Amino acid sequence: MDNDHDVWTRQHNASLKFCKTGPARPVFPSSKISVALLGLYLAQAVPLYLVAAALPPILRANGVGLDVIGGLGILLAPWVLKVLWAPWVDRYCHDPKVGRKAIVVGCLLVTLGGILALSMFDPVKDAAIFFPILMAMSLSSATQDIASDGWAVEHLPPDDQPGGNALQGGAVALGVVIGGSGTLILYDLLGWSQTLWVMAALTCFLVLPFLRLPEGTGQRTLPADRGRPGLLRFLSVEGAWAMLAFALIIRLPEGLVKALEQPFLVDQGFTLAEVGAISGGSAAAVGLFGAFVAAWLIRLWGLLPFLVLLICGRTLAFGAFYVAATMGITQWMLILLSVFDTFLRYIEIVGLFTAFMRFASLRQAATDFTLLTSATLLMYMIGGIVAGQLAETMGYGPVFLSAALLSGIAGWIALLLLPARVRTIPLTTATETS
């Protein structure tokens, strides 16, 4: 029986031959896959950013303490820990008695039930009741994300992966706007309960294209001997430890800066409304633009040159934050720097997800992809925690300088660790099984 490496080698050689004779395919998946993919991830993003982006300012506006609002950060824990139950979700996605759509629908029902339950309580008087509801929603969304990521890997062949991941990045940007800014706007117009009903109804509508699309439509050829998904199985594949190390260190410097960016803007004289406009507006416009620019650049240059450009740009941006903190720059330059940093984060999503998809085995796509994304999120969160402690004692400047230096060093090491099968695989239709 072929192992993962033997199968990939055979298909890799076939893809090289195809590159010489076959025409280049479009950057993006087919229209049916694209609409289903965008709707699936939007249906996750809208409830997520309702909680992450809209709920904190609503609570604060109603007098809830910062200690309570800060405690909401623990709700991200399921998104790091979901790797522990990813193999079970992966297995049941392909179980004829269960199936992926049943898992997505079940998770959505929990999430929507949580939204409707929240609509029955007052966000101030009943704030203590919110936490268990929000934690149940976070668990369901994280579990749904496992099934969604597995579907994306299985339905995006290598040449479609940059475009497909741009759609995912676009869904995140739109989720910030709809679930975050949209919720805040509707809250002022309609009130708490009606706003949540609208968001619940919108989420149901967004997921319909995915639910109506047959599982086999556009699906890559899956191995007949999928076996039993497992974390140890991932680690037994050639290059797995190097790929995991890449995932662990690539985003660590970013957490140092992102955790301090908004407080830094406030300390530089921006109002909360202005900070929200800079962050939300740039996420919508620059985020969408960046995601699709990234797909085009990966298609044009290849993944490795793209990652080199990303790390260089990120290092320069972090260095510019150091200059802003120690020497000072104009507010307009600071706005442009913040927008540029947002642009880099969205193109990074496309690059990293493309790398993870290339490495993920079709024998356990959801498990492999989840393990790698959870690793990046874990280190990103650690960077954010460390940043707060360091900035409290040392100030912004040393932290931003550390992030710049670490970005260059860790980025260089990460690129050296990136397995050859990820950095060099051609984006062609021939590589269907790995």
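In which helix is the place of Leu167? That is where I would like to begin, and the answer is helix H8, which covers residues 161-190. Before going further, I should say that what you see above is a predicted model, and that the values I mention are computed from it.

Staying with Leu167, this residue counts as buried, since its relative accessibility is 11% and the cut-off for buried is under 20%. If we leave aside the neighbours within four places in sequence, Leu167 is in contact with Pro29, Ser34, Leu37, Leu38 and Phe292. Ser34 deserves a second look, because the two residues are 133 positions apart in sequence, and yet the C-alpha atoms of Leu167 and Ser34 are 7.4 Å apart in space.

Let me move on to helix H9, which spans residues 192-212 and holds Leu196. Is Leu196 buried or exposed? Leu196 is buried, with a relative accessible area of 1%. Not counting residues up to four places away in sequence, the residues that Leu196 touches are Leu50, Ile115, Leu118 and Ser119. Of this group I would point to Ser119, which lies 77 residues from Leu196 along the chain, while a separation of 6.0 Å is found between their C-alpha atoms.

Now to the cysteines, where one may ask how many disulfides the structure holds. The number is 0. As a reminder, a disulfide is a covalent bond that joins the sulfur atoms of two cysteines. For Cys93, the closest cysteine sulfur belongs to Cys107 and is 9.0 Å away, which is too far for a bond, given that the two sulfur atoms of a disulfide have to be within 2.5 Å. Looking from the other side, Cys107 is likewise in no disulfide, and its nearest cysteine sulfur is that of Cys93. As for their surroundings, Cys93 counts as buried at 6% relative accessibility, and Cys107 is buried too, with a relative accessible area of 9%.

I will finish at the surface, with helix H17, which runs over residues 396-417 and includes Leu416. Here we meet a leucine that is exposed, as Leu416 has a relative accessible area of 54%, and the cut-off for exposed is over 50%. Leu416 also takes part in a nonpolar surface patch of about 620 Å², which is made by Leu401, Leu405, Ile409, Trp412, Ile413 and Leu416. So, to put the leucines side by side, Leu167 counts as buried and Leu196 is buried, whereas Leu416 is exposed.

Notes: Residues numbered from 1 in each chain as written. Predicted model: local features only at pLDDT ≥ 70, side-chain atom pairs only at ≥ 80, totals over all residues. Heavy atoms only, no water. Patch = residues over 30% accessible without salt bridge, like charges linked within 9 Å, V, L, I, M, F, W, Y side chains within 5 Å. Areas by Shrake-Rupley, 256 points an atom, 1.4 Å probe, with all protein chains shown as cover. Salt bridge = Lys/Arg side-chain N within 4 Å of Asp/Glu carboxyl O. Helix = DSSP H or I, 4+ residues; strand = E, 2+ residues; numbered from the N terminus. Buried < 20%, exposed > 50% of the residue type's maximum accessible area, 1.4 Å probe, protein only. Contact = heavy atoms within 4.5 Å.
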